[in-house]
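Me: I'm new to reading protein structures, and I'd like a close look at a single part. Could you walk me through the cysteines here, and then the packing inside the protein?

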Amino acid sequence: MPSSPATEVWFVLPPGVVLLDFAGAAEAFRIARAFGADFRLRVAAPIDPGQPASTSLGLGLAGVEPLPESLPAGALLIVCGAAGDAKASDSRDARAIARWLRRAGPGRRLACICSGALIAARAGLLDGRRCTTHHSLVGALRAIAPHAEVLDSRVFVEDGGVYTSAGITAGIDLALHLIAEIASPRLSAEVAREMVVYLRRAPDDPALSPWLQGRNHLDMRVHRVQDALARRPEQDWPLARLAELGHMSVRTLTRRFREAAGMSVHDYHARLRVALARQALAVGDSVEAAAAQAGLGSARQLRRLWAAHAEATPGAHRRRRA
């Protein structure tokens with residue numbers, strides 16, 4: 001687990017918040033914290049101290065704080081969606097959130113789930129950015145944010161530290177993406193597996209990290225093999241040893257791995273090794289040193305793997321990072 005500073009994650013609840021918008025994403029961060037990530041979850045709404053926050057199911061949420069006067073550096077703001085149509089984003093309390101975001105939001109990582117994007121738009125925080133929202137609210141978002149590039153048919157969109165997502169369960173996808181960015185992709189994959197959800201991306205969104213590719217399945221024996229490879233990708237792994245870890249024969253491992261992960265064991269391992277080499281090149285290591293970090297015998301072997309599983313060349317990647 002990387003030793004990054006604590007991140008305060010503030011869930012901001014509008015009146016009539018859709019419970020799954022809030023609870024799904026919040027559970028992802030809670031599980032990440034249980035697995036060792038240094039997240040501190042806070043929940044705020046435009047309420048008086050001690051007052052419950054209203055929800056889409058008519059249940060009141062206790063323990064919610066009023067909107068804070070100030071936020072620590074590095075805080076993540078997550079604005080959840082409210083039940084109803086676009087008018088819900090223009091209620092008195094929703095406008096109070098928009099005013100608060102106008103003060104607190106700029107320069108901070110901001111995420112919006114479902115109709116939460118409309119509140120951010122009313123705060124002017126989506127102007128000049130690519131964004132999305134629930135399919136039924138795309139037209140309303142375009143009207144509220146005429147200077148934004150509103151995209152439809154997206155799970156989530158990121159532009160300059162502002163993240164917007166489609167409805168309800170897409171908030172979980174966005175939370176997993178944020179966990180991968182702030183903590184680590186491996187942790188995000190562990191959280192997704194614990195929640196029994198797929199790691200999804202919409203067309204044209206950034207490609208999945210190699211640490212997340214091939215993990216959107218429920219075959220626990222294959223996950224066990226992938227966990228071993230991800231923990232020590234620089235190591236040579238004979239198929240017989242991996243099959244033993246997965247409690248199956250080599251033949252069964254070969255078949256089940258391809259069915260579950262959509263690639264062979266060899267290709268999966270190769271992609272992880274290329275990812276290790278990328279990390280080494282990004283900090284200025286030579287191609288030869290990057291090959292060694294990835295457990296490869298030579299720069300020539302790295303170039304061969306790179307040609308099969310990545311674009312350009314290791315040298316070109318290193319020069320771009322310099």
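Reply: Happy to! Let's start with the rule we need: two cysteines count as a disulfide when their sulfur atoms lie within 2.5 Å of each other. Keep in mind that this is a predicted model, and that a disulfide is a covalent bond between the sulfur atoms of two cysteines.

Now try the rule on C112. Its sulfur is 8.9 Å from the closest cysteine sulfur, the one in C131, so that is too far for a bond. C80 is in no disulfide either: the nearest cysteine sulfur belongs to C112 and is 9.5 Å away. By this rule the count of disulfides comes to 0. What can we say about the surroundings of these two cysteines? C80 counts as buried because its relative accessibility is 0%, and C112 is buried too, with a relative accessible area of 0%.

That brings us to the packing. The largest nonpolar core holds 41 residues, and F11, L13, F29 and F39 are the ones that touch the most other members. Several elements each supply at least two residues of this core, among them strand 1 (7-12), helix 1 (19-34), strand 2 (39-45) and helix 6 (185-195). Helix 5 gives the most, with 8 residues.

F29 is a good place to zoom in. Leaving aside residues up to four places away in sequence, F29 touches V9, F11, F39, L41, L76, I78, A175, L178 and I179. One of those neighbours, F39, also forms an aromatic pair with F29. A pair of aromatic rings is described by the distance of the centres and the angle of the planes. For F29 and F39 these are 5.1 Å centre to centre and 85° between the planes, which makes the pair edge-to-face. F29 sits in helix 1 and F39 in strand 2, 10 residues apart, and the pair links these distant parts of the chain. Both F29 and F39 are buried. Ring pairs also join F11, F22, F29 and F39 into a cluster.

The whole structure has 4 aromatic pairs. Another edge-to-face pair is formed by F257 and Y268, at 5.5 Å centre to centre with 70° between the planes. F257 lies in helix 9 (residues 250-261) and Y268 in helix 10 (residues 265-282), so this pair ties together parts that are 11 residues apart in sequence. F257 and Y268 are both buried.

How values were computed:
Residues are numbered from 1 along each chain as its sequence is written. This is a predicted model: local features need pLDDT of at least 70, side-chain atom pairs count only at pLDDT 80 or more; totals for chains, interfaces and linings use all residues. Side-chain values use heavy atoms; hydrogens and water are left out. A nonpolar core is a set of buried Ala, Val, Leu, Ile, Met, Phe, Trp, Tyr and Cys residues joined through side-chain atoms within 4.5 Å. Buried means under 20% relative accessible area, exposed over 50%, partly exposed in between (1.4 Å probe, protein chains only). Helices (H or I, at least four residues) and strands (E, at least two) are DSSP runs, numbered from the N terminus. Contact means heavy atoms within 4.5 Å. Rings of Phe, Tyr and Trp (its six-membered ring) pair if their centres lie within 6.5 Å; planes under 30 degrees apart count as stacked, over 60 as edge-to-face and the rest as tilted.
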